[in-house]
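Work through the exercises below with the structure open beside you. Try each task before you read its solution.

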Amino acid sequence: MVPTGRPTLAVVGATGAVGTVMLRILSQRADVWGEIRLIASPRSAGRKLAVRGEEVEVVALAEDAFAGIDIALFAVPDEVAARWAPAAAARGAVVVDASGAFRMDPDVPLVVPEVNAHAVRSRPRGIVAGPGGTTLTMIVALAALHAEFGLRELVVSSYQAVSGAGRAGVEALRAQLSLVAGTELGTGPGDLRRAVGDGTGPFPDPVALNVVPWAGALGEDGWSSEETGVRDESRKVLGLPALPVAVTCVRVPVVTAHSATVHARFQREVGVDGAREILATAPGVVLCDDPAAGEFPTPADVVGTDPAWVGRLRRALDDPAALELFVCGDNLRKGAALNCAQIAELIAAETADVTTRA
């Protein structure tokens with residue numbers, strides 16, 4: 001039986017890569033929901049998916065699918081969110097969107113609950129957005145350091161998993177790995193490209209046995225949309241609209257979990273011991289940093305976990321006000337699904353508070 005007196009929740013894109021993780025997270029976290037309605041494209045309608053130990057039938061994405069829904073989690077491509085999130089909001093649902101469609105809309109808060117949970121209360125369009133996976137990999141740790149030292153500048157290089165490009169990215173990597181396994185490919189110029197041919201999937205070059213210094217769409221002056229997105233999202237979440245941020249995004253042959261190297265410059269001199277203490281106690285952060293013992297985070301270690309993992313923490317050699325660090329995070333969990341679930345829980349708690357006061 002569906003619990004009464006609890007908000008109803010919709011998961012839009014329930015059959016996708018992020019949606020699948022979303023259902024798992026909803027089944028693992030405290031159950032604050034009444035009905036959970038699963039919504040996907042018409043071709044997926046009728047499928048049954050497990051959530052909270054029950055089989056729930058997927059319904060087709062349409063305006064009527066949002067009838068009676070209090071909160072709608074969107075885990076869909078930008079163009080789908082741009083069309084359907086306002087429709088859901090018009091039906092009275094508060095939309096929590098994992099896509100990039102509304103992140104920089106001035107009337108849509110960009111929320112990371114560990115950093116700016118208060119922002120969720122102001123949502124004139126009825127939509128709340130979450131940052132992209134690369135930003136979420138590092139922003140919780142950076143926000144903790146910023147609160148103590150005052151952030152002045154960021155230089156970031158990302159190492160992004162292929163799942164950031166959806167199922168097509170994962171399928172492309174697995175197909176390429178099967179093609180190159182047991183061969184001498186990767187030892188001659190252009191041999192990977194010739195072997196893979198048109199099988200690069202959503203990437204401009206082979207990603208197996210390779211790194212591709214590109215993620216996103218081409219923007220102005222050679223910057224990619226992923227790179228400018230990290231810059232804009234970091235500024236908005238931290239409330240630092242003029243923060244200098246330089247980003248290079250690189251796709252690597254990892255299935256899930258983004259990583260980044262970060263050069264963070266602060267307003268005053270920073271000490272590694274003080275930074276360690278801050279990171280060790282920051283919500284949503286795990287400090288894993290003992291290079292002498294071979295301990296530092298890698299994607300293989302952090303996949304399937306929720307925190308941002310931080311290691312290789314050093315003070316910059318030439319700047320006593322700067323820190324160097326390496327961060328890893330599961331781009332499908334905290335980098336997308338978990339952040340949305342946390343936002344939805346904040347909204348549910350807010351609704352419960354209003355009901356209690358009434």
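The exercises that follow concern a predicted model.

**Exercise 1. The sheet**

Task: Find the strand order of the open sheet with six strands, then name its edge strands.

Solution.
- Step 1. Strands of a sheet pair through backbone hydrogen bonds, either parallel or antiparallel.
- Step 2. Trace the six strands across the open sheet: the order is E9-E8-E10-E13-E12-E11. The pairing is mixed.
- Step 3. Look for strands that pair on one side only: these edge strands are E9 (245–251) and E11 (285–287).
- Step 4. Check the twist. On average, neighbouring strands are turned by 25 degrees against each other, direction ignored.
- Step 5. Zoom in on one pair. E8 (residues 151–160) runs parallel to E9, and seven bridges join them. One residue to look at is Gln160, whose bridge partner in E9 is Arg251.

**Exercise 2. Helices on the sheet**

Task: Which strands does helix H4 lie across, and which does H7 lie across?

Solution.
- Step 1. Start with H4 (residues 133–149). This helix lies across E8, E10 (258–266), E11, E12 (308–315) and E13 (322–329). Its angle to E10 is about 25 degrees.
- Step 2. Move to H7 (residues 225–238). H7 lies across E8 and E9, at about 130 degrees to E9.

**Exercise 3. The two faces of H8**

Task: Which residues of helix H8 are buried, and which exposed residues does the face turned away from them carry?

Solution.
- Step 1. In H8 (residues 272–281), the buried residues are Ala275, Ile278 and Leu279.
- Step 2. Look down the axis of H8. The buried residues fall within an arc of 95 degrees, so they line one face.
- Step 3. Recall the general rule. An α-helix has 3.6 residues a turn, so residues three or four places apart point the same way.
- Step 4. Turn to the face away from the buried side: Asp273, Glu277 and Thr281 are exposed there.
- Step 5. Ask what covers the buried residues of H8. The cover includes H4, E11, E12 and E13.

**Exercise 4. Cysteines**

Task: How many disulfides does the structure hold, and why do Cys249 and Cys288 form none?

Solution.
- Step 1. A disulfide is a covalent bond between the sulfur atoms of two cysteines.
- Step 2. The cut-off is a sulfur pair within 2.5 Å.
- Step 3. For Cys249, the closest cysteine sulfur is in Cys328, at 15 Å, too far for a bond.
- Step 4. For Cys288, the closest is also in Cys328, at 9.4 Å, again too far.
- Step 5. The total is zero disulfides.

Note on methods
Residues are numbered from 1 along each chain as its sequence is written. This is a predicted model: local features need pLDDT of at least 70, side-chain atom pairs count only at pLDDT 80 or more; totals for chains, interfaces and linings use all residues. Side-chain values use heavy atoms; hydrogens and water are left out. Two strands pair if DSSP finds at least two bridges between them. Helices (H or I, at least four residues) and strands (E, at least two) are DSSP runs, numbered from the N terminus. Axes are lines fitted to C-alpha atoms, for helices over the stretch in contact, and angles run from 0 to 180 degrees between N-to-C directions. Contact means heavy atoms within 4.5 Å. Buried means under 20% relative accessible area, exposed over 50%, partly exposed in between (1.4 Å probe, protein chains only). The arc is that of the directions from the helix axis to the C-beta atoms.
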